[in-house]
Amino acid sequence: MPTGAQKEALRATHAALYRQPARSTRGGPLFNAFPYPTKISPETIALFIATHTSPGATVLDSFAGSGSTGLAAILCGRPTDQMRQDAERLGLTARWGPRRAVLYELSVLGAFVADVLCNPPDPAEFSNAAEQLLADVRRQWAWLYRTRDPDGADGEIRYVVWSDVLRCPKCRKHASLWDACVSRRPANISSTFRCPHCGKRSAIGSVSRVRATVADDLLDNERTSRRRVQAWVYGETDGRTWSRPAQTADHRDFKQIQQSAFPEPVPVQQVPWGDLYRAGYHEGISHLHHFYTHRNLLAFSALWNATARFPDRLRPSLRFWLLSYNAAHSTLMTRVVAKKNQEDLVVTSAQPGVLYISGLPVEKNIFAGVRRKISTLQAAFAMVHGQGDLVEVRNASSLQVDLPDESVDYVFSDPPFGGNIPYAEVNFINEAWIGRLTDVKDEAIVSRHQNKTVDDYQELLRGAFREAQRVLRPDGFVTVAFHSASAGVWNALRSACEGAGFHVAGTSVLDKTQASFKQVRTNGAVKGDPLILLSKTRASGNGREAEVWAVTKELVKQATKSSNPAEATPQRLYSRLVGRYVAAGQSVPIDAGDFYRGLQERHGRYAEQAV
Ligand SMILES: C[S@@+](CC[C@H](N)C(=O)[O-])C[C@H]1O[C@@H](n2cnc3c(N)ncnc32)[C@H](O)[C@@H]1O
């Protein structure tokens with residue numbers, strides 16, 4: 001049982017944790033290992049776990065996604081220098097040492113990613129196996145990306161920009177979007193269609209797309225979709241990179257590739273279209289394989305099927321490696337954008353959280369891409385490997401948590417933000433390769449397609465929070481990261497927390513930008529996701545009082561360093577204190593009179609100047 005003084009110290013360190021924005025940096029091997037929408041850096045979550053709990057504690061995440069909370073629990077036992085510095089800078093009493101984590105994640109993909117990342121194989125063994133797999137597959141399939149450079153010598157494709165084909169409203173002739181709208185040096189994608197045949201200019205929205213009917217070998221039928229042609233080829237010859245317009249020979253090569261039958265099984269999976277379907281750019285896209293060019297489908301399925309030749313202890317990590325590159329980089333959702341002051345278009349991955357296919361999709365060389373990921377994954381695995389079985393991932397709904405009452409010390413979660421991202425629908429591309437799709441019945445989102453209103457969403461959240469409330473020990477806390485631009489969604493979250501029996505004990509901000517610490521401290525308004533601290537009991541007068549004096553101590557410290565003597569007056573200190581609470585959107589907990597009296601007791605010298 002902690003003593004009164006220990007309790008006071010704990011409250012002070014909790015107050016310090018929520019007083020200033022927490023920084024979630026988008027970088028490092030763990031963050032970059034797998035693209036998953038709206039994830040938070042595990043290093044940041046670790047600060048919360050290390051401040052709220054002691055080593056050996058059990059942490060729950062009810063909406064675990066790709067497993068950042070599990071990684072954080074492990075990292076508490078292996079804090080990086082940066083984590084130690086962050087804790088010191090924020091004035092936290094972080095207790096380093098590993099924690100156990102139980103992760104609930106409904107989606108098949110999220111749970112798969114979390115499980116591999118939190119329980120990775122030996123990093124060197126993984127990297128050797130990945131290199132070997134890639135070499136084996138390349139021996140048979142490297143020809144897919146062979147081409148000619150601008151001088152006619154042999155080269156290798158790095159990526160090909162494809163283009164939709166449009167019909168000029170005036171002369172009715174066909175022109176590629178690339179020819180009509182794209183210019184290089186400097187890069188620009190115009191929203192005006194300029195017909196290369198008759199010169200007529202039209203707003204791009206008023207120009208119709210050309211459709212094509214093509215044979216679908218996997219479905220053994222024909223389908224009609226947008227017509228696309230290769231527009232520009234980017235390649236490499238002996239380490240020298242180059243680019244050139246697509247030529248007749250490229251179209252001929254591709255036709256030849258299309259004649260190649262799939263030597264190995266490819267999942268024939270219907271798209272579970274929901275909220276993300278758009279009649280325009282998803283026309284004719286009814287199955288998984290329609291998201292790929294024939295070349296990339298051959299390359300990816302060859303890699304995927306090769307994983308079956310590896311032992312059980314390595315196969316999941318090899319599949320993780322391939323999937324980490326799959327949806328975001330291997331499909332037609334990869335795109336080019338024109339950035340200001342850039343000579344050429346910039347290739348970028350799929351837009352997160354949607355299944356958008358642009359009019360200028362990019363076909364990347366998958367073999368080159370997955371090779372580059374090996375070292376990132378090796379580094380990520382090395383950060384957490386060998387810590388024992390600390391993290392248990394449960395691919396299940398958090399509306400039923402299989403843990404005893406009051407057995408969890410702390411909960412960290414970021415639930416879906418209303419209708420922001422339909423996770424199961426977005427994850428379907430990778431789940432189709434895993435061979436199992438998510439059951440969306442309990443998916444806590446607002447969704448027109450799933451017939452889930454804000455009220456239904458609130459009810460699902462409440463169910464998950466009620467379970468968290470049940471398994472949390474009486475003095476435990478929940479930290480929720482949340483963001484929404486909709487008042488209705490915010491109210492749903494608040495009602496769900498209250499309905500589950502939680503009380504708001506504090507708030508803060510999770511700054512997901514890459515701002516330096518200085519910016520974070522000096523700019524009053526920091527963009528970021530609100531953080532909400534929940535407790536099972538209403539914050540007692542004592543708790544808030546302890547927080548007031550912890551903040552005051554810090555303000556007095558700052559005042560002593562200031563060259564302006566007015567900063568050290570009780571009136572100014574009170575104003576500063578009020579400012580802190582108002583800026584955090586919290587009620588002001590103490591009147592000026594009580595403050596001056598308390599200040600007199602604790603920091604007599606300042607109060608003497610006061611009244
Ligand atoms: C904002 S994401 C969490 C991201 C996570 N912090 C990470 O590290 O990647 C929310 C997650 O909640 C999951 N989810 C939605 N409803 C759920 C439910 N009833 N039970 C468990 N997970 C659920 C979604 O599949 C999604 O992965």
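Good morning. I begin with a term: a residue is called exposed when its relative accessible area is over 50%, buried when that value is under 20%, and partly exposed in between. At 87%, Ala-485 is therefore exposed. Please bear in mind throughout that what you have before you is a predicted model.

Let me stay with Ala-485 for a moment. This residue sits in the loop that runs between strand 21, residues 472–481, and helix 15, residues 487–499. Its C-alpha lies 9.7 Å from that of Asn-420, a residue 65 positions away in sequence.

I turn next to helix 12. The helix covers residues 366–384, which is 19 residues. From the first C-alpha to the last it reaches 27 Å, close to the 27 Å expected at 1.5 Å a residue. Even so, helix 12 has a kink of about 25 degrees, and the centre of that kink is Ile-374.

What is found at the two ends of helix 12? At the N-terminal end, Asn-365 acts as a cap, with a side-chain oxygen 3.0 Å from the backbone nitrogen of Phe-367. After the helix comes Gly-386, which has a positive phi, near 80 degrees.

Which residues of helix 12 are buried? They are Ile-366, Phe-367, Gly-369, Val-370, Lys-373, Ile-374, Leu-377, Ala-380, Phe-381 and Val-384. When reading such a list, it helps to recall that an α-helix has 3.6 residues a turn, so residues three or four places apart point the same way. Ile-374, where the kink is centred, is itself one of the buried residues.

Now to the internal spaces. How many cavities of 30 Å³ or more does the structure hold? There are four. The largest cavity contains about 360 Å³ of space. It is lined by 31 residues, and those closest to its centre are Phe-63, Ala-64, Gly-65, Glu-105 and Pro-416. Helix 4, residues 68–75, and helix 13, residues 423–434, each contribute at least two residues to that lining. By character, the lining comprises 15 nonpolar, 10 polar and six charged residues.

The second largest cavity holds about 60 Å³. Its lining is made by Leu-30, Phe-31, Phe-34, Lys-39, Pro-42, Ser-66, Gly-67, Ser-68, Leu-71 and Leu-117. Here helix 2, residues 29–32, and helix 4 each supply at least two lining residues. Six of the residues in this lining are nonpolar, three are polar and one is charged. Helix 4 thus contributes to the lining of the largest cavity and also to that of the second largest.

I move on to the backbone. As general background, most residues other than glycine have a negative phi, and most peptide bonds are trans. Where does this model depart from that pattern? Thr-38 has a positive phi, near 60 degrees, although the residue is not glycine. Thr-38 belongs to the loop between helix 2 and helix 3, the latter spanning residues 42–52. With a relative accessible area of 24%, Thr-38 is partly exposed. Arg-172 likewise has a positive phi, about 65 degrees, and occupies the loop between strand 5, residues 154–167, and strand 6, residues 174–176.

There is also a cis peptide bond, which joins Arg-185 and Pro-186 with an omega of about -5 degrees. Pro-186 lies in the loop between strand 7, residues 182–183, and strand 8, residues 188–189.

Three buried residues complete the survey. Thr-237 is in strand 14, residues 228–237. Its relative accessible area is 9%, so Thr-237 counts as buried. What does the side chain of Thr-237 contact? One polar contact is made with the side chain of Asp-149, at 3.1 Å. Another is made with the side chain of Trp-242, at 2.8 Å.

Asp-529 lies in strand 23, residues 529–535. At 9% relative accessibility, Asp-529 is buried. The C-alpha atoms of Asp-529 and Val-509 are 5.7 Å apart, although the two residues are 20 positions apart in sequence.

Finally, Asp-86 is found in helix 5, residues 81–89. Its relative accessible area is 14%, so Asp-86 is buried. Between the C-alpha atoms of Asp-86 and Ile-157 the separation is 44 Å, with their positions 71 residues apart along the chain.

Thank you for your attention.

Terms used
Residues are numbered from 1 along each chain as its sequence is written. This is a predicted model: local features need pLDDT of at least 70, side-chain atom pairs count only at pLDDT 80 or more; totals for chains, interfaces and linings use all residues. Side-chain values use heavy atoms; hydrogens and water are left out. Helices (H or I, at least four residues) and strands (E, at least two) are DSSP runs, numbered from the N terminus. The expected span of a helix is 1.5 Å times one less than its number of residues. The bend at a residue is the angle between axes fitted to the seven residues ending there and the seven starting there. Buried means under 20% relative accessible area, exposed over 50%, partly exposed in between (1.4 Å probe, protein chains only). A polar contact is a pair of N or O atoms within 3.5 Å; within protein, one must be able to donate a hydrogen and the other to accept it, and residues adjacent in sequence count only if both atoms are side-chain atoms. On a 1 Å grid over the protein atoms alone, a cavity is a set of points where a 1.4 Å probe fits but cannot get out, and a pocket is an open set with protein on both sides within 12 Å along at least five of seven lines; lining residues have an atom within 4 Å of a point. Grid points are joined across faces, edges and corners, and a volume is the space filled by probe spheres set on the points. Ala, Val, Leu, Ile, Met, Phe, Trp, Tyr, Cys and Pro count as nonpolar, Asp, Glu, Lys and Arg as charged, and the others, Gly among them, as polar.
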